[in-house]
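Notebook open, structure loaded. I want to go through a few spots and jot down what I find.

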Amino acid sequence: MKMMGGGVAAASLSSVLAAETTASAPGAPRPNIVLILADDLGFSDIGCYGSEIHTPNLDKLAGEGLRFTQFYCAARCCPSRASILTGLYPHQAGMGNMVSKPDDPRPPGPYQGYLNDRCVTVAEMLKQAGYRTYMSGKWHVGEAPEHWPRKRGFDRYFGLISGACSYWELLQEERHKRVMALDDDPFEPEPGDFYMTDAFTDHALQFLQEHGDNPAPFFLYLPFTAPHWPLHAWPEDIEKYRGRYDCGWDSIREERYERLKSLGIIDPKWALSPRDDEVPPWSEVDNKEDWALRMNVYAAMVDRMDQGIGRVLDALNEMGAEENTLVMFLSDNGGCAESVVRRNLNTPGTKPGERGSFVAYQRPWANASNSPFRLFKKWIHEGGIATPLVARWPRVIRQQGALTHQVGHINDFMSTCLDVAGLTYPESFEGRTVTPTEGKSLFPVFRGETRAPHEILFWEHIGNRGVRQGKWKLVAEKAGGWELYDLEADRTELHNLADEFPEKAKELNQRYDDWAKRVGAV
């Protein structure tokens with residue numbers, strides 16, 4: 001099967017847009033775009049970002065491409081996914097918090113819990129420009145059928161409409177009922193060999209195979225649920241890590257910290273954050289075998305996701321599409337400290353990883369996942385919002401294995417995808433006015449240039465809030481006061497400078513208040 005991105009679409013608007021080419025090489029075919037998203041993956045959870053977990057395919061992707069050391073997500077799954085798809089802050093797209101249930105609607109607005117009609121998705125834009133648009137994975141930005149992926153620009157869809165599901169089966173207990181879909185129809189997994197991560201990979205490959213020799217370029221969005229709890233993995237993957245985590249979380253944090261420094265991803269002058277206050281020293285833990293097994297399973301989940309990514313990369317090569325395909329990989333937030341005990345879905349007598357179990361790796365191992373930073377998913381401290389970002393595009397990214405320290409934000413994906421496709425963000429879409437994008441294209445960074453940075457960036461989630469301007473970051477927990485950090489000197493956020501620089505803290509506080517009013521953050 002041989003395919004190269006490019007070609008002219010037949011529809012009226014599409015035919016005009018399809019004639020445009022990328023800014024990098026006039027006359028060159030528009031690139032294919034593959035955007036891969038992990039779920040609850042910590043900053044240091046893959047090999048090319050300092051991990052001991054076996055991720056050869058992501059490491060190869062990084063070795064042939066570019067790694068960002070200062071890229072940010074939106075602290076939690078639903079808000080991050082909304083920003084990826086729309087180029088807006090989550091509140092502007094209606095996803096300031098988590099997704100709403102169809103039988104429990106919320107008032108329209110920044111926290112309504114599904115994508116609103118004042119945003120346009122990257123799939124909608126690329127589809128009108130002649131791209132074929134495919135998605136396999138977790139949606140989580142609208143559970144009612146009228147908000148499903150094919151209603152927002154995707155030609156084909158397979159995956160989990162809702163979130164946090166068993167990897168072996170579709171939960172049907174009323175309180176925890178989950179929904180999967182194939183295109184516009186509900187999907188029920190067959191019992192037996194079904195495993196969520198593999199199913200997402202399989203359908204992504206099916207969509208690419210169906211694309212075949214189609215001359216149109218394609219956009220593939222592949223948002224995994226891995227390694228989000230519950231901890232479920234194939235026994236052979238778990239076995240690979242047997243004994244690896246018997247050393248405990250303190251040793252793993254130190255190992256990763258040293259590797260991050262040697263890789264050049266963090267500055268040696270940034271100290272490793274202390275072990276989280278709620279986490280005991282490994283030497284004082286009684287049930288070490290259970291805790292080590294939890295991290296074994298977590299590592300196996302990351303490993304299986306990497307195997308799937310390798311299969312997708314192999315397919316691109318077999319299609320002849322590798323040279324002109326932009327592949328990007330990141331996580332939706334930092335490692336997750338949640339215990340999930342409250343869900344009462346764990347079958348007594350089961351071990352982590354097995355069918356019937358429903359447990360998480362919890363705060364201690366999340367603290368290791370987010371090395372060298374502190375705090376977790378949901379927080380706006382670096383442990384909650386710092387993500388790896390790996391990008392490969394052989395035709396454009398020439399400095400293989402390079403690092404960039406330029407700051408980027410999850411809002412940037414819309415602008416980036418449109419830019420590389422030769423498109424412009426619209427003022428309106430299908431007769432409705434859309435909110436102007438907040439993102440900035442990463443295309444200049446891919447070309448080895450220094451792009452004009454974001455003047456300022458903002459975050460808010462469940463009362464946790466933050467703002468970054470240049471080296472300065474003002475951040476607060478929901479019930480806490482503002483903390484001020486100089487990220488050039490102290491990105492691990494150990495030295496609060498709010499009292500030393502009160503005017504800077506006051507200035508950024510005012511900027512935050514103005515932004516919150518503008519987007520409706522409360």
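Which helix is Glu382 found in? I looked it up: Glu382 belongs to helix α10, which runs over residues 382–385. Note to self: this is a predicted model.

**Entry 1, Glu382**

I checked the exposure next. Glu382 has a relative accessible area of 0%, so I put it down as buried, the cut-off being under 20%. I then asked what the side chain of Glu382 makes a polar contact with. The partner is the side chain of Lys473, at 2.6 Å. Leaving out residues up to four places away in sequence, I listed what Glu382 touches: Tyr72, Phe373, Arg374, Lys473, Leu487, Arg491 and Glu493. Lys473 thus turns up both in the contact list and as the polar partner.

**Entry 2, helix α7**

I moved on to α7, residues 249–263, and tried a quick length check. With 15 residues at 1.5 Å a residue, the helix should span 21 Å, and I find its end C-alpha atoms 21 Å apart, so the two agree. The expected span takes 1.5 Å times one less than the number of residues, which is why 15 residues give 21 Å.

Which residues of α7 are buried? I noted Trp249, Ile252, Arg253, Arg256, Tyr257 and Leu260. They cover an arc of only 135° around the axis, so they sit on the same side of α7. What do these buried residues pack against? I found α8 (288–319) and α9 (362–369) there. Just after α7 comes Gly264, and its phi is positive, near 85°.

**Entry 3, cavities**

How many cavities of 30 Å³ or more does the structure hold? I get three. The largest has a volume of about 40 Å³. For that one I wrote down the lining: Asp40, Pro227, His228, Trp229, Leu231, Tyr298, Cys336 and Tyr361.

**Entry 4, Asp184**

Last stop. Asp184 lies in the loop between β5 (180–182) and β6 (185–186). Its relative accessible area is 31%, so I call Asp184 partly exposed, since that falls between the 20% and 50% cut-offs. Residues up to four places away in sequence aside, Asp184 touches Trp148, Arg150 and Lys151. With Arg150 I also found a polar contact, side chain to side chain, of 3.0 Å.

How far apart in space are Asp184 and Gly248? I get 45 Å, C-alpha to C-alpha, for a sequence separation of 64 residues.

Methods:
Residues numbered from 1 in each chain as written. Predicted model: local features only at pLDDT ≥ 70, side-chain atom pairs only at ≥ 80, totals over all residues. Heavy atoms only, no water. Buried < 20%, exposed > 50% of the residue type's maximum accessible area, 1.4 Å probe, protein only. Polar contact = N/O pair within 3.5 Å; in protein donor to acceptor, adjacent residues only side chain to side chain. Contact = heavy atoms within 4.5 Å. Arc of directions from axis to C-beta. 1 Å grid on protein atoms, 1.4 Å probe; cavity = no way out; pocket = protein on both sides within 12 Å on 5 of 7 lines; lining within 4 Å. Points joined across faces, edges and corners; volume = space filled by probe spheres on them.
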